[in-house]
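Let's go through a few labels in this model and see what stands behind each one.

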Amino acid sequence: MIDALTVALGVTALLLAAWCGFAAYRDQPTKDWHFIGMAVVALLAIVQLVIGVVRLAGGADPQQGVAIFVAYLIGSALAVPIAAFMSLTERTRWGSATVSAAAVVLAVLEVRLYDIWGGVGG
């Protein structure tokens with residue numbers, strides 16, 4: 001995996017979590033600007049998914065197994081888009097809170113992906 005992309009995705013996910021968490025704190029639903037932020041984070045996750053699949057097709061082997069690596073890649077690519085859809089259906093502060101929680105989950109998934117690939121001690 002590309003370490004810089006993993007770090008960038010984790011940091012942008014945490015920034016999105018803070019931004020949407022602040023909106024929830026202020027009793028605001030997600031707004032258009034939040035969806036632009038979600039799109040940026042989702043785009044980074046899709047780029048990571050493509051790079052991960054290309055690396056696997058090229059013969060690279062994650063330290064902890066291909067199946068779990070692919071599962072985490074798919075989960076990280078879907079976390080924010082699913083939360084975005086849920087926030088559209090919940091037009092209260094809880095929509096913002098849902099996106100915030102999903103972005104934190106994405107940041108944790110990134111740490112785990114790094115570990116699965118072999119970044120920690122590998």
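Q: What makes Asp115 and Arg112 a salt bridge?
A: The term asks for a side-chain nitrogen of Lys or Arg within 4 Å of a carboxyl oxygen of Asp or Glu. Here the closest N and O atoms are 2.8 Å apart, so the pair fits the rule. One caveat up front: this is a predicted model, where local features need pLDDT of at least 70, side-chain atom pairs count only at pLDDT 80 or more, and totals for chains, interfaces and linings use all residues. Residues are numbered from 1 along each chain as its sequence is written, and side-chain values use heavy atoms, leaving out hydrogens and water.

Q: How many salt bridges does that rule give?
A: Two. Asp27 and Arg93 also form one, with the closest N and O atoms 4.0 Å apart. Asp27 sits in the loop between helix H1 (3-25) and helix H2 (32-57), while Arg93 is in helix H4 (residues 93-117), so this bridge ties together parts 66 residues apart in sequence.

Q: Why is Asp27 called exposed?
A: Buried means under 20% relative accessible area, exposed over 50%, and partly exposed in between (1.4 Å probe, protein chains only). Asp27 has 52% relative accessibility, so Asp27 counts as exposed. Its partner Arg93, at 31%, counts as partly exposed.

Q: Where is Ile82, and why is Ile82 called partly exposed?
A: Ile82 is in helix H3 (residues 66-89). Its relative accessibility is 46%, so Ile82 counts as partly exposed.

Key. Helix = DSSP H or I, 4+ residues; strand = E, 2+ residues; numbered from the N terminus.
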